[in-house]
Amino acid sequence: MSSGKPKEEEHDGMSVHSPCKPPPSSASSLPKEQAAQVELELRVLEALEIYPPIKLQGIHRHFVIYGLMEFLKRSFDRHFSAEEVLQLLDRFYNLEMLKTDDEEIDLLNHEEDFSLPSSYFIKEES
Amino acid sequence: MGNSSKDDSATSGDASAGDVQPANSSLYSEGERVLAYHGPRIYEAKVQKTEIRKKEWRYFVHYLGWNKNWDEWVGEDRLMKHTEENVQKQQALDKKQSIDKNVKSGRSNQAKAKSSMDAKVDKEDIKNNVPKGKKRKTDSGAEKGSVTVEKLVKIQIPATLKKQLVDDWEYVTQQDKLVKLPRSPTVDEILTKFLEYKTKKDGMGADSIGEILKGIRCYFDKSLPTMLLYKRERKQYSEVVANDVSPSTIYGAEHLLRLFVKLPELLVYVNIEEETMTRLQQKLLDFLKFLQKNQSIFFLSAYDGAKVSEGKGKGKDDREAFCSVKLKSFSSVVI
């Protein structure tokens with residue numbers, strides 16, 4: 001398995017073709033390396049079904065990254081750093097081009113005063 | 001109906017709940033108009049009966065305007081006082097829900113698994129409490145709309161911090177006081193401190209903590225103006241927070257803690273898998289314990305205001321002094 005720091009130069013993200021093109025340097029171990037990369041990318045895509053990339057662009061970004069880190073960690077039984085996760089995503093998406101979720105805009109445009117749930121006051125009111 | 005059956009629970013009818021008052025009385029009384037969570041929305045409801053079960057108050061509610069089939073036993077956490085503020089909350093939630101829908105319907109197994117558990121609980125409740133002969137759709141509870149409230153992440157806030165939140169509420173809304181800003185330590189500083197502490201302890205694992213803390217900081221900055229302020233604090237906010245400044249470099253533990261009350265509502269938007277969520281909850285709890293451990297350092301013991309408080313904590317002045325000395329070592333950091 002690669003160290004997870006794929007060196008291949010990816011063009012501007014949006015292109016889907018050849019994300020699994022093996023790095024030229026690893027010609028000797030090519031089939032194995034390639035299989036590992038394919039496996040890795042498959043998992044990433046699987047994870048994206050749960051954590052849609054659009055959420056990476058807004059308020060929830062870090063918890064989505066966290067979710068992806070944990071997902072990959074479970075799949076491959078090793079640690080994935082946040083940076084590594086983002087690099088993997090970069091093979092498929094140009095994250096900067098993503099627009100913010102409408103749902104989120106709504107969440108943040110709606111102003112509401114803070115209030116404590118009533119359960120906090122039970123003892124006080126007894 | 002209390003006399004109708006020898007069923008252990010059915011004796012809890014109207015009369016007994018009123019007569020045998022346990023140590024802490026129920027928050028809602030029979031006949032009271034309330035607001036009740038059911039699924040993702042809040043409904044107007046009426047408390048029909050109250051009783052204590054397993055040391056907790058349970059309420060039999062009827063949803064106004066809905067068929068009696070929906071009537072059910074619920075716990076305190078499902079109910080709210082019928083106040084103007086809460087009605088607004090209800091309307092806000094309604095609005096939010098209509099937008100949310102698409103997201104929720106796309107939810108995965110974890111949600112289903114949980115709601116089937118809820119359904120089981122409902123069934124049990126019904127079995128125990130509904131007088132025999134009354135027909136009832138057993139699964140109704142879980143079926144009406146997608147159940148969100150139950151699905152929300154539970155974040156157990158330690159008792160002393162809950163107390164802190166109530167004091168906070170008391171200062172701001174009852175005594176008309178404010179947290180003097182800027183605070184020291186700031187939210188940023190507290191988060192950084194925690195990360196340092198965790199990095200020393202866990203090494204590698206701190207990477208994911210770092211991400212979580214960034215997430216908290218981001219939530220804090222974005223949600224402070226829209227969710228975390230009491231009405232009386234808004235003016236102060238507009239005075240203190242200039243254009244490009246992050247609230248997390250001005251506000252402190254008092255407001256950060258409020259975020260944890262709201263956190264489940266925010267995290268529900270990230271469709272986190274159950275296993276990951278469990279780990280996340282653990283880490284959030286770790287952080288809360290850290291806050292708790294440093295409660296006397298991080299939190300103000302008195303708020304600013306016209307009247308001087310009777311001094312909630314002991315030795316608050318020493319605390320402040322200690323605090324500022326200690327915090328000299330903080331560098332202002334972006335995490």
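**View 1. Leu35(B) sits opposite Met80(B), a residue of β5(B).** This close-up, like the others here, comes from a predicted model. Leu35(B) falls within β1, residues 33-38 of chain B, and that strand is tied to β5(B) by three bridges, with the two running antiparallel. Zoom out a little and you get an open sheet of five strands in chain B, in the order β4-β3-β2-β1-β5, paired antiparallel. Its edges are β4 (72-75) and β5 of chain B, each of which has a pairing partner on one side only. Ignoring direction, neighbouring strands in this sheet are turned by 50° against each other on average.

**View 2. The hairpin of β1(B) and β2(B) has two residues between its strands.** Here β1(B) pairs with β2, residues 41-53 of chain B, in the antiparallel sense, and six bridges hold that pairing. One pair to look for is His38(B), which stands opposite Arg41(B) of β2(B). In this hairpin, Gly39(B) takes a positive phi near 60°.

**View 3. Moving on to the next hairpin, β2(B) and β3(B) also have two residues between them.** The strands run antiparallel and share eight bridges, with β3 covering residues 56-63 of chain B. Ile52(B) has Trp57(B), in β3(B), as its bridge partner. What do the backbone angles look like in this hairpin? Lys54(B) takes a positive phi near 45°. Lys55(B), in the loop between β2 and β3 of chain B, has a positive phi too, about 65°, although it is not a glycine. For context, most residues other than glycine have a negative phi.

**View 4. The loop between α5 and α6 of chain B holds Pro182(B) and Pro185(B).** Which kind of peptide bond joins Leu181(B) to Pro182(B), cis or trans? That bond is cis, with omega at about -5°. The bond from Ser184(B) to Pro185(B) is cis as well, and its omega is near 0°. Most peptide bonds, by contrast, are trans. If you want to find your way along the chain, α6 of chain B spans residues 187-202.

**View 5. The second largest pocket holds about 740 Å³ of space.** Three elements of chain B give two or more residues to its lining: β5 (79-81), α2 (84-105) and α5 (159-174). The top contributor is α2(B), with five residues. In total, 27 residues line this pocket, and those nearest its centre are Phe114(A), Ser115(A), Thr83(B), Glu85(B) and Asn86(B). By type, the lining splits into ten nonpolar, seven polar and ten charged residues. Where does the pocket lie with respect to the domains of chain B? Domain 1 (32-99) and domain 2 (159-304) both give residues to the lining, so the pocket lies between them.

**View 6. Arg43(A) and Glu46(A) form a salt bridge through their side chains.** The N to O distance comes out at 3.3 Å. Both residues belong to helix α1 of chain A, residues 30-50, and are three residues apart, which is about one turn of the helix. This pair can be set against the full count: a search of the whole structure turns up 26 salt bridges over all chains.

Notes:
Residues are numbered from 1 along each chain as its sequence is written. Chains are lettered from A and ligands numbered from 1 in the order in which they are written. This is a predicted model: local features need pLDDT of at least 70, side-chain atom pairs count only at pLDDT 80 or more; totals for chains, interfaces and linings use all residues. Side-chain values use heavy atoms; hydrogens and water are left out. On a 1 Å grid over the protein atoms alone, a cavity is a set of points where a 1.4 Å probe fits but cannot get out, and a pocket is an open set with protein on both sides within 12 Å along at least five of seven lines; lining residues have an atom within 4 Å of a point. Grid points are joined across faces, edges and corners, and a volume is the space filled by probe spheres set on the points. Helices (H or I, at least four residues) and strands (E, at least two) are DSSP runs, numbered from the N terminus. Ala, Val, Leu, Ile, Met, Phe, Trp, Tyr, Cys and Pro count as nonpolar, Asp, Glu, Lys and Arg as charged, and the others, Gly among them, as polar. Domain bounds come from an automatic or database domain assignment. Two strands pair if DSSP finds at least two bridges between them. Axes are lines fitted to C-alpha atoms, for helices over the stretch in contact, and angles run from 0 to 180 degrees between N-to-C directions. A salt bridge is a side-chain nitrogen of Lys or Arg within 4 Å of a carboxyl oxygen of Asp or Glu.
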